[in-house]
Amino acid sequence: MRSAFEQAQVDPRSVSYIEAHGTGTPLGDPIEIQGLKSAFQAAAQGEALPTGYCGLGSVKTNIGHLELAAGVAGIVKVLLQFKHRTLVPSLHAKEINPYIDLSGSPFYVVQESREWVALRDDAGRELPRRAGVSSFGIGGVNAHVVLQEYRSAEPARAKVVVTPQRPVVVVLSAKQEVRLREAVQRLLAHVERQGCTDEDLADIAYTLQVGREAMEVRLACVVSTLEELKAKLSQYLAGDRNVDGLHCGEAKRGKEGLSALADEDMGRTIDAWLSKGKLHKLVELWVRGLAFDWARLYDGEVTPRRISLPTYPFARERYWVPEELAAATSGNLVSERLHPLVHRNTSSLVVQRFSSVFTGRSSSLRTTW
């Protein structure tokens, strides 16, 4: 841990959460906590540390020990806590191990969900949230990583103003109709759940335009408010496609009719549509297979930001051996003989052993050696 702090150039007073290895053993946990206290004190280089500012938790209380994936699971937990700015409790930790002494230390056990409040430096400036993740291998290899939440270094940029005179185009596409429906459901749930507003509409549209691959089955909405977007997505899910500003199509079916799109006349026509704001004509061709550089919509203007939005809804298809076949063949696989005279390997960790059963008309012979 001291090495990790030094390499990251991080003051332990700025680390407000530790995802411990935390196997729940009576002796192992107190040793780990003592190591944490020693590492923090050593990294502080003799300076006094505040008390009770750094939470402790372990994802093993929720999902068990994942062996080789235990450390990765801890990292995923910390990243989710960064995202939601929330510290979540460890299960079965209401009663602390009596051999663990946290008095006067920087640590406390997270026993209930709480807001992850950012620490501040001596000048009162808010620090990025930081955390450490420990993972100890059964062979004695110990690892610790220091994580810090992402904060954009870009200066605040002007928002793209969306009006009825200057609407945006929200596009979605997928390989099949069923996948497109799920993509629509995901986007609708996201904008309803994440507290999005009309100010986010241009960022939503831009992200889906330039941050996603255009696939065969396509949908486009020309909208000027978030409520309008929600309404059109809901109407699509309800099977109502005859809606103004809602365009659906399939690129494969329209390829024959789009063969002329590459000529210069069509290019000039599209340029004229863009200059006059005739987005509906553009998206009618896009849902039929038109390859269009959406960045052209923002030439010489403020470009929206790319933001976090739902990704592609991959089909959840099963590729394991069918359960019926596995059940039918499992007995044969287990009972397959090694040799006509050596039927089964019945060895254990204590002894090497093979067993055979020979059956005659009137009696049977069992032998083990």
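# Salt bridges, a helix and a strand: worked exercises

The side chains of Arg 125 and Asp 121 come together in a salt bridge, with N and O 2.9 Å apart. The model you are looking at is predicted, and this pair is a good place to start exploring.

## Exercise 1

Find out how far each partner of the Arg 125 and Asp 121 salt bridge is exposed or buried.

**Solution.** Start with the cut-offs: a residue is buried under 20% relative accessible area, exposed over 50%, and partly exposed in between. Next, take Arg 125: its relative accessible area is 56%, so Arg 125 is exposed. Then turn to Asp 121: its relative accessibility is 22%, so Asp 121 counts as partly exposed.

## Exercise 2

Work out where Glu 182 and Arg 186 lie, and how many residues apart they are.

**Solution.** First, locate the pair: both residues are in helix H5, which covers residues 177-193. Second, look at the spacing: Glu 182 and Arg 186 are 4 residues apart, about one turn of the helix. Third, recall a general rule: an α-helix has 3.6 residues a turn, so residues three or four places apart point the same way. Now check the side chains: those of Glu 182 and Arg 186 meet in a salt bridge, 3.7 Å from N to O. Finally, consider exposure: Glu 182 is partly exposed at 23% relative accessibility, and Arg 186 is partly exposed at 28%.

## Exercise 3

Identify the parts of the chain that are linked by the salt bridge between Arg 305 and Asp 203.

**Solution.** Begin with the contact itself: the closest N and O atoms of Arg 305 and Asp 203 are 3.5 Å apart. The pair links distant parts of the chain, since Arg 305 is in the loop between helices H10 (279-286) and H11 (323-335), while Asp 203 is in helix H6 (residues 201-210). The two residues are 102 residues apart. As for cover, Arg 305 is partly exposed, with a relative accessible area of 35%, whereas Asp 203 is buried at 5%. To widen the view, look for the network in which Arg 120, Glu 126, Arg 129, Glu 149 and Arg 151 are joined by salt bridges that share partners. A search of the whole structure finds 16 salt bridges.

## Exercise 4

Check whether the span of helix H4 agrees with its number of residues, then describe its buried and nonpolar surface residues.

**Solution.** Helix H4 has 15 residues, and at 1.5 Å a residue it should span 21 Å. The C-alpha atoms at its ends are 22 Å apart, which agrees. Among the buried residues of H4 are Ala 70, Gly 74 and Phe 82. The helix's buried residues pack against E1, E2, H3, E3, E6 and E7. Leu 80 also belongs to H4, but it is partly exposed at 46% relative accessibility. Together with Val 72 and Val 76, Leu 80 makes a nonpolar surface patch of about 260 Å². Just after the helix, Arg 85 takes a positive phi of about 50°.

## Exercise 5

Describe the cover of strand E6 and find its partner strands.

**Solution.** Strand E6 covers residues 130-136, and 6 of its 7 residues are buried. On the parallel side, 3 bridges join E6 to E1 (residues 17-19), with Tyr 17 standing opposite Ala 131. In the antiparallel sense, E6 pairs with E7 (residues 142-148) over 7 bridges, and here Phe 136 stands opposite Asn 142. The hairpin of E6 and E7 has 5 residues between the strands, and Gly 140 takes a positive phi near 105° there.

Methods: Residues are numbered from 1 along each chain as its sequence is written. This is a predicted model: local features need pLDDT of at least 70, side-chain atom pairs count only at pLDDT 80 or more; totals for chains, interfaces and linings use all residues. Side-chain values use heavy atoms; hydrogens and water are left out. Buried means under 20% relative accessible area, exposed over 50%, partly exposed in between (1.4 Å probe, protein chains only). Two strands pair if DSSP finds at least two bridges between them. Patches are made of residues with over 30% relative accessible area and no salt bridge: like charges are joined within 9 Å, nonpolar side chains (Val, Leu, Ile, Met, Phe, Trp, Tyr) within 5 Å. Accessible areas come from the Shrake-Rupley method with a 1.4 Å probe; for residues, only the protein chains shown count as cover. A salt bridge is a side-chain nitrogen of Lys or Arg within 4 Å of a carboxyl oxygen of Asp or Glu. The expected span of a helix is 1.5 Å times one less than its number of residues. Contact means heavy atoms within 4.5 Å.
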